[in-house]
Amino acid sequence: MDLLASVNHLLNWLAPAFFMALGMVSCARIFKMNQGVALGYKAQIAINFAVGCLVLLAGLWWLGRDGKMATYALLVLSSALCQWVLSKAWR
């Protein structure tokens, strides 16, 4: 595999984490769940993306292959929990 194919493969592997982070933060803004947030839009996306990347990496390590539904389910749950904590929704 050449460099371009490797970069393409890596970006496609990280795409679910990025779009989940973007969707979570956007939906929190749309539904006005970010009333008392100290972090900006880009910081929330970056934190959600980092959590999502860690979940995808853990799923790849634990299950031995990419693309398992259990990994994606855990990605959704961890992204929702991360956005809930960032939005300070427990108040």
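**Exercise 1. Work out how many helices and strands the chain has, and in which order they come.**

Start with a count on this predicted model: the chain holds 3 helices and 0 strands. Next, walk along the sequence, and the pattern reads α-α-α. Now put some residue numbers on it. Helix α1 covers 3-30 and α2 covers 41-63, while α3 takes in residues 69-86.

**Exercise 2. Describe the overall dimensions of the chain and say what share of its residues is buried.**

Take the box first: along the principal axes, the C-alpha atoms fill roughly 50 × 25 × 15 Å. Then turn to burial. Of the 91 residues in the chain, 25% are buried. What about the outside? About 6200 Å² is exposed, and carbon and sulfur atoms supply 73% of that area. Last, look at how contacts span the sequence: take the ones between residues at least 6 apart, and 61% of them join residues at least 24 apart.

**Exercise 3. Find the largest nonpolar core and say which helices each supply at least two of its residues.**

List the members: W13, L14, A17, C53, V55, L56 and L75, which makes 7 residues in all. Now match them to helices, and you'll see that α1 and α2 each supply at least two residues of this core.

Pick one member, V55, and check what it touches. Skipping residues up to four places away in sequence, V55 touches T71, L74, L75 and S78. L75 is itself part of the core.

**Exercise 4. Decide whether S78 is buried or exposed, and name its contacts.**

Begin with the location: S78 is in helix α3. Its relative accessibility is 15%, and the cut-off for buried is under 20%, so S78 counts as buried. For the contacts, leave aside neighbours within four places in sequence; that gives V51 and V55. So V55 turns up again, just as S78 was listed among the residues V55 touches.

**Exercise 5. Place W84 in the structure: which helix is it in, how exposed is it, and which patch does it join?**

Step one: W84 is found in helix α3. Step two: its relative accessible area is 40%, which falls between the 20% and 50% cut-offs, so W84 is partly exposed. Step three: beyond its neighbours within four places in sequence, W84 is in contact with A89 and W90. Step four: W84 belongs to a nonpolar patch on the surface together with L81, V85 and W90, and the four share about 430 Å² of accessible area.

For a sense of distance, try L57. W84 and L57 are 27 residues apart in sequence, and their C-alpha atoms are 22 Å apart in space.

**Exercise 6. Find out how many disulfides there are, then check C27 and C82.**

First, recall what you're hunting for: a disulfide is a covalent bond between the sulfur atoms of two cysteines. The structure holds 0 of them.

Now take C27. The nearest cysteine sulfur belongs to C82 and is 15 Å away. A disulfide needs the two sulfur atoms within 2.5 Å, so C27 is in none. With 38% relative accessibility, C27 counts as partly exposed.

Then do C82. Here the nearest cysteine sulfur is that of C53, 12 Å away, and C82 is in no disulfide either. At 12% relative accessibility, C82 counts as buried. As for C53, you've met it already: it is one of the residues in the largest nonpolar core.

Conventions. Residues are numbered from 1 along each chain as its sequence is written. This is a predicted model: local features need pLDDT of at least 70, side-chain atom pairs count only at pLDDT 80 or more; totals for chains, interfaces and linings use all residues. Side-chain values use heavy atoms; hydrogens and water are left out. A nonpolar core is a set of buried Ala, Val, Leu, Ile, Met, Phe, Trp, Tyr and Cys residues joined through side-chain atoms within 4.5 Å. Buried means under 20% relative accessible area, exposed over 50%, partly exposed in between (1.4 Å probe, protein chains only). Helices (H or I, at least four residues) and strands (E, at least two) are DSSP runs, numbered from the N terminus. Contact means heavy atoms within 4.5 Å. Accessible areas come from the Shrake-Rupley method with a 1.4 Å probe; for residues, only the protein chains shown count as cover. Patches are made of residues with over 30% relative accessible area and no salt bridge: like charges are joined within 9 Å, nonpolar side chains (Val, Leu, Ile, Met, Phe, Trp, Tyr) within 5 Å. A salt bridge is a side-chain nitrogen of Lys or Arg within 4 Å of a carboxyl oxygen of Asp or Glu.
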